[in-house]
Amino acid sequence: AYRLTQWLGWQTSALDDPLLLLQYTARLGAQYMLADLIATVATPFVTMMFIYFYGRYRVHPGALALTTADVPALWRSFAVVLPAKLLTNRLGLLLFNAQIRSLLAGKSSIYGKSRLLAELRKR
């Protein structure tokens, strides 16, 4: 959207600068990663509590019932999902880090070049 407004010649505010947009996106990404990690960790615990409290657990009425015999499989799947989530979260952080470094070096990022940094360099 930022590049489209530049191409059309529309007036943009200082808050639409690529540096600020990238920082805002990185902050939202960090919040998403934290929420995703908490949900990934909490899901097996909550499911296990339902299984041990009720004897079985169904996601909806037509689904297969999970019983106490399925708890080891639940933990094995959790052991696979958690490292995958951590790896993808780390790769996302590295991508944002590379984008911010390129923007600070004066190159273009996913949102374009920063006018704010160009003005700060002139001073």
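This text follows the aromatic ring pairs in a predicted model.

A pair of aromatic rings is described by the distance of the centres and the angle of the planes. The structure contains 5 aromatic pairs. One of them joins Phe50 and Tyr54, whose ring centres are 6.2 Å apart. The planes of Phe50 and Tyr54 meet at 25 degrees, so this pair counts as stacked, the limit for stacking being under 30 degrees. Both residues belong to helix 2, which covers residues 18-54. Phe50 and Tyr54 are 4 residues apart there, and about one helical turn therefore separates them.

In terms of solvent accessibility, Phe50 is partly exposed, at a relative accessible area of 33%. Tyr54 has a relative accessible area of 56% and is exposed, since the word applies over 50%.

A pair with another geometry is found in helix 3, residues 71-104, where Trp75 and Phe78 lie 3 residues apart. That spacing also amounts to about one helical turn. The ring centres of Trp75 and Phe78 are 5.5 Å apart, and their planes stand at 85 degrees, so the pair is edge-to-face; the cut-off for this class is over 60 degrees. Trp75 is partly exposed, with 25% relative accessible area, whereas Phe78, at 15%, is buried. Buried here requires a value under 20%.

Returning to Phe50 and Tyr54, these two residues are also part of a cluster. Ring pairs connect them with Phe53 and Tyr57.

Note on methods
Residues are numbered from 1 along each chain as its sequence is written. This is a predicted model: local features need pLDDT of at least 70, side-chain atom pairs count only at pLDDT 80 or more; totals for chains, interfaces and linings use all residues. Side-chain values use heavy atoms; hydrogens and water are left out. Rings of Phe, Tyr and Trp (its six-membered ring) pair if their centres lie within 6.5 Å; planes under 30 degrees apart count as stacked, over 60 as edge-to-face and the rest as tilted. Helices (H or I, at least four residues) and strands (E, at least two) are DSSP runs, numbered from the N terminus. Buried means under 20% relative accessible area, exposed over 50%, partly exposed in between (1.4 Å probe, protein chains only).
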